[in-house]
Amino acid sequence: MNLSDLSASVLRISDIYAAEHGIDRSGDWAILKLQEELGELTAEHLRLSGRARGEPSEQALGDEAADVLGMLLIYCARAGVDLEEAMQRKWLHWLEPKTA
């Protein structure tokens, strides 16, 4: 699955979830949810590294990382960010051969 397909699937799931649970996703909702999910990922990291209470779980860490990625895809779609283009411009160009 490529990033565009993943993004489309995540957006569709988000629409279904919001409709089923009556969630208002207006305004700054996506960036706030992204921040919330990043906090949850951080909490799992702290548990796994023995610096927080609770049962450490590598599965929970993966689940929270998936939530962060999902919310990032949602945020980018809502903000009009072409994430594939941005990644090429910001990161992937370093893998291209240098021209003299």
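**Four helices, step by step**

The protein carries 10 positive and 18 negative side chains. The centres of these two sets lie 6 Å apart. Keep in mind that this is a predicted model.

Start with the fold. The protein contains 4 helices and 0 strands. Follow the sequence from start to end and the pattern reads α-α-α-α.

Now look at the overall dimensions. The C-alpha trace spans about 55 × 35 × 25 Å along its principal axes. The radius of gyration is 17 Å, whereas a compact globule of 100 residues would have one near 13 Å.

Next comes the surface. The accessible surface of the protein is about 7,500 Å². Carbon and sulfur atoms account for 57% of that area. Of the 100 residues, 21% are buried.

What about contacts along the chain? Take the contacts in the protein with a separation of 6 or more. Residues 24 or more positions apart make up 56% of them.

Turn to helix H3, which covers residues 58-79. How far apart are its end C-alpha atoms? They are 31 Å apart. The helix has 22 residues, and at 1.5 Å a residue it should span 32 Å, so the two values agree.

Which residues of H3 are buried? They are Ala-60, Glu-64, Val-68, Gly-70, Met-71, Leu-73, Ile-74 and Cys-76. An α-helix has 3.6 residues a turn, so residues three or four places apart point the same way. Try that rule on the list with the structure in view. The buried residues of H3 have three packing partners to look for: helix H1 (3-21), helix H2 (29-48) and helix H4 (83-90).

H3 also holds Gly-62. Is Gly-62 buried or partly exposed? Its relative accessible area is 38%. Buried means under 20% and exposed means over 50%, so a value in between counts as partly exposed. Gly-62 is therefore partly exposed. Now find Arg-47. Gly-62 and Arg-47 are 15 residues apart in sequence, and their C-alpha atoms are 13 Å apart in space.

Move to helix H1, where Ala-8 is found. Ala-8 has 38% relative accessibility, so it counts as partly exposed. Ala-18 lies 10 residues from Ala-8 along the chain. The C-alpha atoms of Ala-8 and Ala-18 are separated by 15 Å.

Finish in helix H2 with Ala-43. Its relative accessible area is 24%, so Ala-43 is partly exposed. Ala-43 and Arg-53 are 10 residues apart along the chain. Their C-alpha atoms are separated by 9.2 Å.

How values were computed. Residues are numbered from 1 along each chain as its sequence is written. This is a predicted model: local features need pLDDT of at least 70, side-chain atom pairs count only at pLDDT 80 or more; totals for chains, interfaces and linings use all residues. Side-chain values use heavy atoms; hydrogens and water are left out. Helices (H or I, at least four residues) and strands (E, at least two) are DSSP runs, numbered from the N terminus. The radius of gyration is taken over C-alpha atoms; the globule rule is 2.2 Å times the number of residues to the power 0.38. Buried means under 20% relative accessible area, exposed over 50%, partly exposed in between (1.4 Å probe, protein chains only). Contact means heavy atoms within 4.5 Å. Accessible areas come from the Shrake-Rupley method with a 1.4 Å probe; for residues, only the protein chains shown count as cover. Lys and Arg count as positive and Asp and Glu as negative; His and the chain ends are not counted. The place of a charge is taken as NZ of Lys, CZ of Arg, CG of Asp or CD of Glu. The expected span of a helix is 1.5 Å times one less than its number of residues.
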